[in-house]
Amino acid sequence: MKVAVLGGGVIGVTSAYYLAKAGHEVTVLERQPGPALETSFANAGEISPGYASPWAGPGVPAKAVKWLLMEHAPLILRPKLDAATIGWLLSILRNCTEARYALNKSRMVRLAEYSRDLLIALRADTGIAYDERSRGTLQLFRTQAQMDAIGKDVEVLKSYGVPYEVLDAVGCAVAEPGLANALEPIVGGLRLPNDETGDCFKFTNALAELAKGLGVEFQFDTAITGLRKEGDRIAAVRTSRGEVTADAFLVAMGSYSPALVRPFGMKLPVYPVKGYSITAPILDAERAPVSTLLDESYKVAITRLGDRIRVGGMAEISGFNNDLHPRRRRTLEHSMQSLFPGAGDAGAARFWSGLRPMTPDGTPVVGATPIGNLYLNTGHGTLGWTMACGSGQVIADVISGAASAIDTRDLAISRYSN
């Protein structure tokens with residue numbers, strides 16, 4: 001089957017790879033001059049299945065008010081008052097119940113754990129390298145209230161058999177020795193020893209080369225402008241270089257996916273939530289993190305990527321806006337320097353922002369649509385890197401008509417109409 005994959009970020013490229021492995025003739029269309037040059041370019045670098053959690057949960061509305069007022073705010077609200085933004089925010093509120101949080105987290109962990117297993121297999125099969133480390137992830141708590149609130153997450157980890165460790169301040173410093181130099185108090189942490197780290201940009205480019213070896217064609221500098229429908233099927237995708245025909249079409253365009261399918265009556269609740277990162281060269285390796293640390297107070301991840309430290313996080317609701325605000329950089333620098341002082345050169349750090357495609361229930365949209373040959377793989381939010389391989393294999397199974405290794409019935413767009 002000839003499959004056109006629309007989008008060349010980590011989701012589009014992993015999808016193309018697994019589709020090619022399944023025997024399909026695959027073409028990837030991407031508006032940038034290469035893979036992973038937008039949201040996949042400088043994300044936090046963490047591969048943390050056990051921390052796969054929806055943003056919507058019990059108590060989040062009250063916490064959001066507090067976050068908005070913080071000096072180093074993890075949440076920034078500058079919404080456009082349009083129907084899409086208002087509807088998405090209301091859907092977030094509807095998912096802030098205990099029952100929906102448990103349901104949403106369980107399916108996110110299911111997909112993320114499967115994805116991590118596939119990444120391990122991919123690495124073993126191909127030798128792909130991307131500044132990877134398998135040293136676990138530490139969620140760090142600066143207050144006792146944060147430490148006391150981990151019960152529900154621990155129950156989900158237990159139910160899925162995910163190994164974890166609850167640590168005191170001393171245990172945190174054993175896991176991450178650089179924390180011995182921290183400038184602010186630490187209460188404890190929740191560590192997942194099986195989690196990994198890696199450079200998503202390096203991974204996506206390396207996987208694109210492997211995909212080319214399987215026959216995948218990449219058409220870069222090709223803007224996607226629309227889809228042409230004939231009868232009950234998509235006949236072609238319209239691009240800046242003309243139409244491209246295929247037997248099946250996969251939309252993997254992140255935050256830009258809803259606009260592409262809206263003309264066909266599909267309400268895809270994916271919204272661009274802006275995140276920021278800095279990438280700093282390491283000054284003192286002994287003071288630097290050995291893996292990934294999640295700073296719970298500021299919702300920031302600090303990750304070791306080879307000879308660099310990547311610090312990423314925050315959530316800014318401001319529509320399709322990629323401006324770089326100096327205040328956000330100061331938050332990232334504060335998180336790194338308060339926990340790992342002297343580890344990285346903040347002054348030489350590269351500052352970046354990207355638009356994460358977020359669904360109101362946290363789970364990506366992976367699967368078929370009401371149009372027979374149109375498929376979706378989008379809406380991964382902050383977990384595109386964590387869920388990439390699993391999502392790519394799942395959509396390859398769906399398009400191929402093959403049984404998947406995990407339950408995928410609640411991943412498709414149809415869940416929003418039930």
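How many disulfides does the structure hold? Let's work through that one, and then a few more. Keep in mind that this is a predicted model.

**Exercise 1. Work out the disulfide count, then look at Cys389 and Cys96.**

Step 1: The structure holds zero disulfides.
Step 2: Take Cys389 as a check: its nearest cysteine sulfur belongs to Cys200 and sits 9.8 Å away. A disulfide needs two cysteine sulfur atoms within 2.5 Å, and Cys389 is in none.
Step 3: Is Cys389 buried or exposed? The cut-off for buried is under 20% relative accessible area. Cys389 has 3%, so it is buried.
Step 4: Do the same for Cys96. At 14% relative accessibility, Cys96 counts as buried too.

**Exercise 2. Find out how the chain is divided up.**

Step 1: Go by residue ranges. Domain 1 takes 2-41, 202-269 and 362-416, while domain 2 takes 53-99, 132-196 and 271-358.
Step 2: Now for the spacing: the centres of the two domains, taken over C-alpha atoms, are 28 Å apart.
Step 3: Finally, see who takes part in the contact: 15 residues come from domain 1 and 15 residues from domain 2.

**Exercise 3. Trace the six-stranded sheet and the helix lying across part of it.**

Step 1: Read the strand order, which is β9-β2-β1-β13-β20-β19 in an open sheet with mixed pairing.
Step 2: Pick out the edges. β9 (217-219) and β19 (365-368) each pair on one side only.
Step 3: Get the twist, which averages 20 degrees from one strand to the next.
Step 4: Zoom in on one pair. β1 (residues 2-6) and β13 (residues 248-251) run parallel and are joined by four bridges. Val3 has Ala248 as its bridge partner in β13.
Step 5: Add the helix. α11 (residues 384-400) lies across β1, β13, β19 and β20, and runs at about 170 degrees to β20 (374-378).

**Exercise 4. Do the same for the three-stranded sheet.**

Step 1: This open sheet has the order β10-β11-β12, with antiparallel pairing.
Step 2: Its edge strands are β10 (224-230) and β12 (242-245).
Step 3: Neighbouring strands here are turned by 30 degrees against each other on average, ignoring direction.
Step 4: Four bridges link β11 (residues 233-239) with β12, and Thr239 is partnered with Gly242 in β12.

**Exercise 5. Describe the surroundings of Glu296.**

Step 1: Locate Glu296: it's in the loop between β15 (292-295) and β16 (300-305).
Step 2: Look for a polar partner. The side chains of Glu296 and Lys299 share a polar contact of 2.5 Å.
Step 3: Leaving out residues up to four places away in sequence, Glu296 touches Gln139, Leu140, Phe141 and Gln146.

Notes: Residues numbered from 1 in each chain as written. Predicted model: local features only at pLDDT ≥ 70, side-chain atom pairs only at ≥ 80, totals over all residues. Heavy atoms only, no water. Pairing = 2+ DSSP bridges. Helix = DSSP H or I, 4+ residues; strand = E, 2+ residues; numbered from the N terminus. Axes fitted to C-alpha atoms, helices over the stretch in contact; angles between N-to-C directions. Polar contact = N/O pair within 3.5 Å; in protein donor to acceptor, adjacent residues only side chain to side chain. Contact = heavy atoms within 4.5 Å. Buried < 20%, exposed > 50% of the residue type's maximum accessible area, 1.4 Å probe, protein only. Domains from an automatic or database assignment.
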